[in-house]
Amino acid sequence: HDKHRQNTPSVISDSTVLICRNYKGDVDMSEIDHFFTLLMQQEEEGLLCPVMSHGNVHFLWIKHSNLYLVATTNKNSNASLVYSFLYKLVEVFTEYFKELEEESIQDNFVVVYELLDELMDFGFPQTTDSKILQEYITQQGNKLEVAKTKVPTTVTNAVSWRSEGIRYKKNEVFIDVIESINVLVNANGSVMSSDIVGSIKLKTMLSGMPELRLGLNDRMLFALTGRDKGKTVTMEDVKFHQCVRLSRFESDRTISFIPPDGESELMSYRINTHVKPLIWIESVIEKFSHSRVEIMVKAKGQFKKQSVANNVEIRVPVPSDADSPKFKTSTGHAKYVPEKNLVVWSIKSFPGGKELLMRAHFCLPSVENHETEGRPPITVKFEIPYFTVSGIQVRYMKIIEKSGYQALPWVRYITQSGDYQLRTNT
């Protein structure tokens, strides 16, 4: 087990150790003083490394805003476990203090020490779910005393992310399948890169300790069962919440789990596929004499006519010295945002198959200045409900609980823009 242990997480700001917890006592507390010397030395040499060593002590560190979170160990520790723990620290502290920065540590020393004591024991990560921690580490002193008399059932439970005794009058599960599209289109209209990043989010309102099984139209599952019929999806880089039984997924692609209560992300995935841009943009720039420029933007909804894109924002870069804007739009409204050198064309509702136009007219002090000025890409934001690009489907959600109650699963599909850029000719 030694290889999984880490010793002394420290939180450091501007070379000052703000807080430190030594779990095993086999690394001297003064060793942390060498961390900043090594860091500055590596920064000067341009060889910054996430693992640094001084003698037989290793420093594994991450940076968050103005803080360094550093774990020290003198063993051959499992580095991925150490980094997972450090990022989990950031997540838990942010849940507690809204922002994790020097002030939030200084203002909450007692809570931070209590959290460090619960998150890890003798170098082994323990309860790391903030919902469970919040049941018995509260920020109000009077509540703290009351809460300490009753340790949550989850502390001694194998299911560390869910408490026992949860009760609801109406048992329901809400499943959101959200896909973000990343697209980069070059000035010639060719798609340079595209992929889909998906997430399945749950809002669980179920009594007791329910066992859930989620069925997707996963290509590998259909191949295993010999039923390769209909639309299937190949998911890559699949990442699960800790509640999912990985061994079960690896053996027969079954997503089986006891869910956390309330909101959680069950899984995320990536689909590396050629995506046709759902909203296609063309732009033409006309320059008149030496003092006027007109930008015409055409947007086309390249998705099925039954669907509608909501809250569309098309952000069109304009020259930095443009002024006196005038706009004409076939739908929606356009506004000039001078501090960002953008025209933002907002369309509340954009049906599939439609073509929309926007004209922007600006006065310029001098057109010649812009011959060498490269234009940033046009970016688009949107959300299309009841639709996924990949065609992923929730085929079933089975809910089994020993009391035998009936529960309703509700499914919603949403496609939205991720990093969605269209380059244009200058």
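This is a short walk through one predicted model, from its confidence to its sheets and its largest pocket.

I'll start with confidence, since the model is predicted. The mean pLDDT of the protein is 86, and 88% of its residues reach 70 or more. The stretch to keep in mind is residues 140-150, where the pLDDT is below 50. Beyond near neighbours in sequence, that stretch has eight contacts in the model. Where pLDDT is low, the predicted coordinates should not be read in detail. I will leave those contacts there.

Now the sheet that holds E1 to E5. Five strands form an open sheet, and their order is E2-E1-E5-E4-E3, with antiparallel pairing. At the edges are strand E2, residues 16-20, and strand E3, residues 51-54, and each of them pairs on one side only. On average, neighbouring strands in this sheet are turned by 30° against each other, direction ignored.

Helix H1, residues 33-45, packs on this sheet. H1 touches E1, E3, strand E4 (57-64) and strand E5 (67-73), and the direction of H1 makes about 120° with that of E3.

Two strand pairs here are worth pointing at on the screen. Strand E1, residues 8-13, pairs with E2 in the antiparallel sense over four bridges. Within that pair, Ile12 has Val17 in E2 as its bridge partner. Towards the other edge, E3 and E4 also pair in the antiparallel sense, over four bridges. There, Ser53 has His58 in E4 as its bridge partner. E3 and E4 form a hairpin with two residues between them, and Gly55 in the turn has a positive phi of about 65°.

Next, the sheet of nine strands. This one is open too, with mixed pairing, and its order is E11-E13-E9-E8-E23-E21-E16-E19-E18. E11 and strand E18 (333-337) stand at the edges with a single partner strand each, so one side of each has no neighbour in the sheet. Neighbouring strands are turned by 15° against each other on average, again with direction ignored. As an example from this sheet, strand E16 (residues 308-317) and strand E21 (residues 378-385) run antiparallel and are joined by four bridges. Ile314 stands opposite Val380 in E21.

Strand E20, residues 355-363, is the next stop. E20 pairs in the antiparallel sense with strand E15, residues 292-301, over nine bridges. E20 also pairs in the antiparallel sense with strand E17, residues 323-329, over five bridges. Follow Cys363 through both pairings: Arg292 stands opposite Cys363, and Cys363 is also the bridge partner of Asp323.

Last, the largest pocket. The volume of the largest pocket is about 640 Å³. Of the 20 residues that line it, the closest to its centre are Lys88, Glu91, His241, Gln242 and Glu265. Which elements supply at least two residues of the lining each? They are helix H2 (79-97), helix H5 (130-136), strand E11 (236-240) and strand E13 (262-271). E13 gives the most, with five residues. E11 and E13 also stand next to each other in the order of the nine-stranded sheet, with E11 at an edge. By class, the lining has seven nonpolar, five polar and eight charged residues.

That covers confidence, sheets and pocket.

How values were computed:
Residues numbered from 1 in each chain as written. Predicted model: local features only at pLDDT ≥ 70, side-chain atom pairs only at ≥ 80, totals over all residues. Heavy atoms only, no water. Pairing = 2+ DSSP bridges. Axes fitted to C-alpha atoms, helices over the stretch in contact; angles between N-to-C directions. Contact = heavy atoms within 4.5 Å. 1 Å grid on protein atoms, 1.4 Å probe; cavity = no way out; pocket = protein on both sides within 12 Å on 5 of 7 lines; lining within 4 Å. Points joined across faces, edges and corners; volume = space filled by probe spheres on them. Nonpolar A, V, L, I, M, F, W, Y, C, P; charged D, E, K, R; others polar. pLDDT = per-residue confidence, 0-100.
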